[in-house]
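Colleague: I'm new to reading protein models. Could you walk me through some features, one at a time?

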Amino acid sequence: MTRTDQRDNGTDRRLLLLVGLVALAAGAVGAASIFTIVTSEGLDASPSSLAAILLLVVLACTAMVRIRIRTSSHGVSWTETAMIVGFAVAPVPWVILATALGVAIARVITKVPALRVAFGVGKETLVAGTIGLSVIAFGWPEPADRPTEMIGALAIGYVAAVILDELVTIPILALASRTSVKQRFLTNWDLRLGGSVARFVVAAATLALLQVDSRLLIVMPPVVLSLHLAYSARVRSREERHAWQRLALATDALNDVDLDAVLRSAVTRAAELFSVDEVEVELHDRPRLVRGNADGITYDGPVPDAPPTSGTVIPRALEGHDDNADVGELRLRVHGPVKLSERESYTLRTFASALCTAVRNASAYEELTRVADEHARAAAHDALTGLANRRQLLEHGTELLANRHVDGVIALVLVDLNHFKEVNDTLGHAAGDRVLVEVASRLRREARSDDLVARLGGDEFAVLITGLPAPAIAAHRAEGLLAALHEPMSLDGMRISVEASGGIAVAPSSGGMSELLRRADVAMYQAKRSGQRTVTYARARDTADVGRLALGGDLPRALTQHEFTVSFQPIVDLGSGEVVAAEALARWHHPDRGNLDPLRFLETVERSGLLPAFADAVLDQSLIAAGTWRDAGFDLPVAVNVSPRSLLDPRFPSSVLARLRAHDLPPDRLFLELTETLTISQLEVADKVLGQLRDAGVRLALDDFGTGYSSLSVLSRIPVHELKIDRGFVREMETSPEAAAVIRSTLDLGRSLNLVVVAEGIESEPQRRALWELGCTAGQGHLFARPMPSARLLAALHRGSGGRPGTLAPALHDEGAVIRLSPNRRASGRNRGDRLPHLPA
């Protein structure tokens, strides 16, 4: 037996006990009345008077204002009024017996269960006995010739009867509704008091009319009917108002994104709202059943495992407003027959619809959370090995270096496998992937719990070590890591040995995580060149620092002599081969060092204080190129990479907009690509700058999306128009299901947010076709063109592919062909005026 059944049985026993006590006391009153009639003289009553009293009692009991509580309906009748009139025309014992008989007849007529018949007869008999005692005390055994003379005695008896009625009825109602006695007493107490006063006034008026002329009683039925209807309307109006208030509170409680909380609230609130013994919610897609009552949940689990239950069930499908989304069923259960009123049925429909919406919203949020977690996992970890990726390493390292309270020394070990290309060339890429997975597993086992093991790409790994007591210990830890790799491993029956070189760098006092990674990289290449297993970074052997100092000194000349140039790599519609945009890539034509890419000089530019001048130079050249293409008939947006430090400059938006006006280009012809971790770590500062640019119409793109765990958090803050899939995922998508899954998830995310998604690093036709089939509409890479000067790109646009100007690749389908797309494939682009591609519909 469940706890609920035990509680219900206990409640039923208490109800039976109370009803038994009432019936026993009423039996004593009835027996005393019969004894008095038999043993006393002069207590005869005319049959007509008794018949009138009996008829009045039957009518008074039938005309009730009923309110359903679980399987019972309770209400207020006019029985006391009939009693008072009866005491004015007949002896007390006869009135008591007539009252008992009349209540019994009325209960039988209305088909009330036997238990309620016993309680009704007993209660009304006790009430009649209470009023009768008052009459006896003030004038019995003979009824008064002038009925109004009995008003005082009847008033005292009536008050006593009302009090007795409350004392007997309220505990019964409290047990039936499983509420407190206090709560039942306070419910509609003012209406009950007003009704009691009104009924006594009617009784007193009836006695006065009897004294004046009994024929005047004809006016009383309309008066009684009017009062009864007014009282009924008042009670029902209040009950309906309270019901709608409870419905509003119940539906408000469903506004939660946690499905468990929604189901718990639905069960407990519905049990109270509809005054039922038990509520069930069954979900079809799980399958899951939640059962309980107003006190809490009694079962939550699979449907087949739910314990059996009994009673009358009122089911309601959980359907939305469209009546199509049948997500489950709501069931109300009571331990007996019951029928809902029209208002209750409408309330049930409304509550079920609200519950359906809440379940669907919570399920959608649960799915979004799951997808976001998967995105976060995929974005923060290497798809092949499950290790942290480069972005997570940089983020975690930056956080550690910024925390001055970290105990011990922080060091980075950069590990690169020697001759790994031979494994791929000899055994194939699948075998190479297995080697990388095994290397990752060994590094993870050898590292300590506080260390962060990451794969930076290819055959390059890194281990961020914290809590070292001294810098020299880093070399010892690095030796242990590399020694674990040198143990032979079995691969398809072959035993192969993997050798690796390691570079060790201790966290510098300045420069942050980027400098720490650079120093470890310098040390690692020194280890490779010298044939040593590990080398620790030493500033004296770092020629890169000297070179950077020299570059810093050359910057002013480079800006004045226009040594910074811009090349452009086209972005192509993957389906048609049409060029839809171009990305600007800055280069430094150094007179002594040749062409330098931004990785070599950008940090130097940022530290020099010349970043605004450099950004203006790159932006000017990019906008000039876009204007030249437009004049030639190719209205292409141009994408320019933005240094994170520029976003911290409040003057940056005005500078960008001034150059757009100077070159007569609309703001939506410019894309600013946001990169690097500073955009994330100092997002609070950059919010205002980004908002100004967005409001002005400049388009924003998030570069290398998916390579860092912060990408989703940035996407929720930065109002971007475009996502760019990192070239690493494109490179590995043909051999790595994880990389393909990240691309697919990014495309789904772009579609859901109405963002353009551009794939970088496309180098083969199979990659292009695979991306297009997944729903990616745009991409760039060496398959279409390498970065080139503006004039050369314009010539290539005029020349076109296959004689089609504006294209750099043949279309994947014939012009005008009907393309059948899978249902889950949608375009994630803008309108044609934005020059960004749409898939054919």
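Colleague: Let's start with Trp629: is this residue buried or exposed?

Modeller: Keep in mind that this is a predicted model. To be called buried, a residue needs under 20% relative accessible area. Trp629 is buried because its relative accessible area is 0%. Phe568 counts as buried too, since its relative accessibility is 1%.

Colleague: And which residue counts as exposed at 54% relative accessibility?

Modeller: The cut-off for exposed is over 50%. Ile109, at 54%, therefore counts as exposed. You'll find Ile109 in helix α4, which covers residues 92–109. Together with Leu101 and Ile105, Ile109 forms a nonpolar patch on the surface, and the accessible area of the three adds up to about 260 Å².

Colleague: Back to the aromatic rings. How many aromatic pairs are there?

Modeller: Rings pair up if their centres lie within 6.5 Å. Going by that rule, you get six aromatic pairs. Take Phe564 and Phe601: their ring centres are 5.5 Å apart and their planes sit at 50 degrees, so we call the pair tilted. Phe564 is in strand β15 (residues 564–573) and Phe601 is in helix α18 (residues 598–608), so this pair ties together parts 37 residues apart in sequence. Both Phe564 and Phe601 are buried.

Colleague: What about the rings of Phe568 and Trp629: how far apart are their centres, and what kind of pair is this?

Modeller: Planes over 60 degrees apart count as edge-to-face. With centres 5.1 Å apart and planes at 80 degrees, Phe568 and Trp629 make an edge-to-face pair. Phe568 belongs to strand β15 and Trp629 to helix α19 (residues 611–631), so here the parts tied together are 61 residues apart in sequence.

Colleague: Which residues form one aromatic cluster?

Modeller: That cluster is made up of Phe564, Trp588, Phe601 and Phe614.

Colleague: Now the nonpolar core. How many residues does the largest one have, and which have the most contacts inside it?

Modeller: A core is a set of buried nonpolar residues joined through their side chains. The largest one here has 75 residues, and those with the most contacts inside it are Phe568, Trp629, Leu670, Leu672 and Leu771. Helix α19 gives the most to this core: eight residues.

Colleague: What is Leu672 in contact with, leaving aside its neighbours within four places in sequence?

Modeller: Its partners include Val640, Val642, Phe652, Leu693 and Arg699. There's also a second, separate core of 32 residues, with Ala250, Ala271, Val290 and Ala358 among them.

Definitions and conventions
Residues numbered from 1 in each chain as written. Predicted model: local features only at pLDDT ≥ 70, side-chain atom pairs only at ≥ 80, totals over all residues. Heavy atoms only, no water. Patch = residues over 30% accessible without salt bridge, like charges linked within 9 Å, V, L, I, M, F, W, Y side chains within 5 Å. Areas by Shrake-Rupley, 256 points an atom, 1.4 Å probe, with all protein chains shown as cover. Salt bridge = Lys/Arg side-chain N within 4 Å of Asp/Glu carboxyl O. Helix = DSSP H or I, 4+ residues; strand = E, 2+ residues; numbered from the N terminus. Buried < 20%, exposed > 50% of the residue type's maximum accessible area, 1.4 Å probe, protein only. Phe/Tyr/Trp six-rings, centres within 6.5 Å; stacked < 30°, edge-to-face > 60°. Core = buried A, V, L, I, M, F, W, Y, C linked by side-chain atoms within 4.5 Å. Contact = heavy atoms within 4.5 Å.
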